[in-house]
Amino acid sequence: MSISPRQPKPKKCRVAACGVLFVPARLGQAVCSPACAILDAPKNLERARKSLAQIERREIKVRKEKLKSRADHLREAQAAVNEFIRLRDAHLACISCDSLPNDYDLMTGSRWDAGHYRSVGACPELRFEPMNIHRQCVKCNRNLSGNAVEYRIRLVLRIGAEKVDWLEGPHPARKYTVEEIKAIKADYRAKTRELKRAAA
Ligand SMILES: [Zn+2]
Ligand SMILES: [Zn+2]
């Protein structure tokens, strides 16, 4: 019994102006003839250029990621958590003064912050704790240093006295690894996407 070699299937030449059916003589052959290979070349070049640029972009990203310090990762994770908080509280007034975004804010694009009840400096253990962060107007957060007394009054109303007590209590020191910090960032980015999807 003889084994017949697998016959390659005929293919259509990639050169649009040609389009003849041919049987490829080698793996990956996309054009029927050397003449069509010349016609096809600029297209290949363009494709190669694009994929090279893509590889380069990816490499730059990897290199940048490697250069990031722990502080950079903390900052990025905090930004991701804060963005989530601003979106979570989008329908709520400022935690310290009851002000709501008005037409003036919308016109000037004045920003809203995510303000910590216990500051990152005073209590770094709660820097990513969502109960410790609420949407706050820029005036309260920056000009009034968090407007803490007013913050507390509304915080009790919002999350209850028991949770405020817990926030104010002692917290074990937390030493996040870079991997953990990256995981927090990814987690909150996903949560933000989810909120945006739900709101759309
Ligand atoms: Zn051809
Ligand atoms: Zn305020």
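# Notebook: two zinc sites, a strand and some salt bridges

I began with arginine 154, which counts as buried because its relative accessibility is 17%, and the cut-off for buried is under 20%. The model I am reading is a predicted one.

**Entry 1. Arginine 154 and its partner**

I looked up what arginine 154 pairs with. Side chains of opposite charge can pair when their charged atoms come close. Here the partner is glutamate 150, and the closest N and O atoms of this salt bridge are 2.8 Å apart. I placed both residues in helix α5, where they are four residues apart, about one turn of the helix. Glutamate 150 has a relative accessible area of 29%, so I noted it as partly exposed.

**Entry 2. Serine 96**

Arginine 154 and glutamate 150 turned up again in the list of residues that serine 96 touches. That list, which leaves out residues up to four places away in sequence, also holds Gln136, Cys140, Gly146, Asn147 and Tyr151. I found serine 96 in the loop between α2 and α3. Is serine 96 buried or exposed? Its relative accessibility is 1%, so I wrote it down as buried. A polar atom of its side chain lies 3.5 Å from the backbone oxygen of glycine 146.

**Entry 3. The zinc ion (ligand 2)**

Which residues hold the zinc ion (ligand 2)? I listed the SG atoms of Cys94, Cys97, Cys137 and Cys140, which lie 2.3 Å from the ion. The angles between the four donor atoms run from 104 to 115°, and therefore the arrangement is tetrahedral. For that label, all angles must lie between 85 and 135 degrees. Along the sequence the donor residues are spaced C-x2-C-x39-C-x2-C. I then checked where two of the donors sit: cysteine 94 is in the loop between α2 (70–88) and α3 (103–108), and cysteine 140 is in helix α4 (residues 138–143). These two are 46 residues apart in sequence, so the pair ties together separate parts of the chain. I found cysteine 94 and cysteine 140 both buried.

**Entry 4. Strand β4**

Cys137, one of the donors of the zinc ion (ligand 2), led me to strand β4 (residues 133–137). Five of the five residues of this strand are buried, so β4 is largely enclosed by the rest of the structure. I sorted the side chains by direction: Ile133, Arg135 and Cys137 point one way, while His134 and Gln136 point the other way. β4 pairs with strand β3 (residues 112–116) in the antiparallel sense, over five bridges. I noted one bridge by name, between glycine 115 and histidine 134 of β4.

**Entry 5. The zinc ion (ligand 1)**

I turned to the zinc ion (ligand 1), whose donors are the SG atoms of Cys13, Cys18, Cys32 and Cys36, at 2.3 to 2.4 Å. The four donor atoms subtend angles of 106 to 117°, so this arrangement is tetrahedral. The spacing along the chain is C-x4-C-x13-C-x3-C. Cysteine 18 lies in the loop between β1 (11–12) and β2 (21–22), and cysteine 32 in the loop between β2 and α1 (34–67). The two are 14 residues apart, and the pair links distant parts of the chain. I recorded cysteine 18 as partly exposed because its relative accessibility is 28%. Cysteine 32 is also partly exposed, at 24%.

**Entry 6. Other salt bridges**

How many salt bridges are there? The count I have is 17.

I looked up arginine 158 and aspartate 89, whose side chains meet in a salt bridge at 3.8 Å, N to O. Arginine 158 is in helix α5 (residues 148–159) and aspartate 89 in the loop between α2 and α3, so the pair ties together parts that are 69 residues apart in sequence. Aspartate 89 is buried, with a relative accessible area of 2%, whereas arginine 158 is partly exposed, with 30%.

In helix α1 I noted glutamate 46 and arginine 49, which are three residues apart, about one turn of the helix. Their side chains form a salt bridge of 3.0 Å, N to O. Glutamate 46 is partly exposed, its relative accessible area being 33%.

My last note is on a network of salt bridges, which links Glu65, Lys68, Glu76, Glu179, Lys182 and Lys185.

Note on methods
Residues numbered from 1 in each chain as written. Chains lettered and ligands numbered in written order. Predicted model: local features only at pLDDT ≥ 70, side-chain atom pairs only at ≥ 80, totals over all residues. Heavy atoms only, no water. Donors = N, O, S within 2.8 Å, 3.2 Å for Na, K, Ca; no water. Tetrahedral: all angles 85-135°; square planar, octahedral: opposite > 155°, others 65-115°. Buried < 20%, exposed > 50% of the residue type's maximum accessible area, 1.4 Å probe, protein only. Polar contact = N/O pair within 3.5 Å; in protein donor to acceptor, adjacent residues only side chain to side chain. Contact = heavy atoms within 4.5 Å. Pairing = 2+ DSSP bridges. Salt bridge = Lys/Arg side-chain N within 4 Å of Asp/Glu carboxyl O.
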